[in-house]
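Here is a set of short exercises for you to try with a structure on your screen. Read each task, have a look for yourself, and then follow the solution step by step.

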Amino acid sequence: MPLVLATTTPGEPEIFASLQGEGPSQGKPVAFVRLSRCNLACVWCDTAYTWHFEGDNRPHRSGATYERKANQVVLSDEETAERIAALDQNRLVVTGGEPLLQGAALAKMLALLPGVRVEIETNGTVEPHPALDPLVAQYNVSPKLAHSGNPADLALVPERLRHWAAEPRAAFKFVIAGPADVEEVLALAERFAIPRERIWLMAEGTDVATLEAREAWLAPLCVEHKLTLSKRLHIQLFGDTRGT
Ligand code: SF4
């Protein structure tokens, strides 16, 4: 079954080994596979090459759109699994875009990688495919707040948020650009009964200076509200580049 992947360079799928940069597994060595396509359109998305293709008029702060042919590649589930296995890591992070849009194909691919611990990065709006769900050890769920620019009815789906709040495999990772965003997180945590020990707050930014400036006020808010701070380790180590 084919999967639509993002590319590092035209024709080359974004499958690589690195350190997990964010959330509860931060610092762990992992294989990554990045799938193309997303059902949301965050104005600050740092992987807009997975969805902001030519002709897409939704706003993105860069103003850039991407040629679909150069930024997507179709691989079979077998070839995708072979390339991941060749990286010889016992953890895999499936990221995007929104990987759960390709749940059926993803389930077939992951079934070819027994023994690999699988984390899925998701925006939390899509129900996991029933064949995929048993193969996943951890969901890193990143619901998008008002500052993402998405309409709330698309980005914050009550039924889905209730599901993730009740799912012990789900770690919530919120992207924070200003102190008011923390208030929005606290309101969501209250409304959907999200346990605070499963909430990570992460500064928005694609350069070290921006991240550090935001972490300076975010860290005390984490302490005050008993929430965990997530770094963006990959930005610190490698900068804002593909395949890292
Ligand atoms: S949900 Fe994630 S991949 Fe999709 S637009 Fe937002 S930040 Fe980008």
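The exercises below go from sheets to single residues, and the model they use is a predicted one.

**Exercise 1. The eight-stranded sheet**

Task: Find the open sheet of eight strands, and work out which strands stand at the edges.

Solution.
- Step 1: Trace the strand order, which is β3-β4-β6-β7-β8-β9-β10-β11, with mixed pairing.
- Step 2: Look for strands with a single partner. These are β3 (15-19) and β11 (228-230), so each has one side without a neighbour in the sheet.
- Step 3: Follow the sheet from one strand to the next, and you find a twist that averages 30°.

**Exercise 2. A strand inside that sheet**

Task: Decide how far β6 is enclosed by the rest of the structure, and name its partner strands.

Solution.
- Step 1: Check burial, where a residue counts as buried under 20% relative accessible area. Five of the five residues of β6 pass, so the strand is largely enclosed by the rest of the structure.
- Step 2: Sort the side chains by direction. Arg 91, Val 93 and Thr 95 point one way, while Leu 92 and Val 94 point the other way.
- Step 3: Turn to β4 (residues 29-34), which pairs with β6 in the parallel sense over four bridges. Here Phe 32 stands opposite Val 93.
- Step 4: Now take β7, which runs parallel to β6 and is joined to it by four bridges. The partner of Leu 92 in β7 is Val 118.
- Step 5: Carry on from β7 to β8: these strands also run parallel, with four bridges between them. Glu 121 has Asn 140 of β8 as its bridge partner.

**Exercise 3. The three-stranded sheet and its helix**

Task: Describe the open sheet of three strands and find the helix that packs on it.

Solution.
- Step 1: Read the order, β2-β1-β5, with antiparallel pairing. The edge strands are β2 (12-13) and β5 (72-76).
- Step 2: Look at β1 (residues 2-9) and β5, which are paired over five bridges. Leu 3 stands opposite Leu 75 in β5.
- Step 3: Add helix α2 (residues 77-85). This helix touches β1, β2 and β5, and its direction makes about 95° with that of β5.

**Exercise 4. A glutamine in β5**

Task: Is Gln 72 buried or exposed, and what does its side chain meet?

Solution.
- Step 1: Locate Gln 72 in strand β5.
- Step 2: Compare its relative accessible area of 17% with the cut-off of under 20% for buried residues. Gln 72 is therefore buried.
- Step 3: Look for a polar partner. The side chain of Gln 72 makes a polar contact with the side chain of Ser 36, at 3.0 Å.
- Step 4: Widen the view to contacts beyond four places in sequence; among them are Val 4, Leu 5 and Phe 53.

**Exercise 5. A covered helix**

Task: How many residues of α3 (residues 103-110) are buried, and what do they pack against?

Solution.
- Step 1: Count the buried residues: six of the eight, so the helix is mostly covered.
- Step 2: Name some of them, including Leu 106, Met 109 and Leu 110.
- Step 3: See what surrounds them. The buried residues of α3 pack against β1, α2, β6 (91-95) and β7 (117-122).

**Exercise 6. Aromatic pairs**

Task: What is the arrangement of the rings of Tyr 139 and Trp 164, and which parts does the pair tie together?

Solution.
- Step 1: Start from the total, which is four aromatic pairs.
- Step 2: Examine Tyr 139 and Trp 164, whose rings are 4.8 Å apart centre to centre with 55° between the planes, a tilted pair.
- Step 3: Place the residues. Tyr 139 is in strand β8 (residues 138-141) and Trp 164 in helix α5 (residues 158-165), so the pair ties together parts that are 25 residues apart in sequence.
- Step 4: Set beside this the pair of Phe 172 and Phe 174, which is stacked, with 6.2 Å between centres and 15° between planes.
- Step 5: Check burial once more: Tyr 139 and Trp 164 are buried, and Phe 172 and Phe 174 are buried too.

Conventions. Residues numbered from 1 in each chain as written. Predicted model: local features only at pLDDT ≥ 70, side-chain atom pairs only at ≥ 80, totals over all residues. Heavy atoms only, no water. Pairing = 2+ DSSP bridges. Helix = DSSP H or I, 4+ residues; strand = E, 2+ residues; numbered from the N terminus. Contact = heavy atoms within 4.5 Å. Axes fitted to C-alpha atoms, helices over the stretch in contact; angles between N-to-C directions. Buried < 20%, exposed > 50% of the residue type's maximum accessible area, 1.4 Å probe, protein only. Polar contact = N/O pair within 3.5 Å; in protein donor to acceptor, adjacent residues only side chain to side chain. Phe/Tyr/Trp six-rings, centres within 6.5 Å; stacked < 30°, edge-to-face > 60°.
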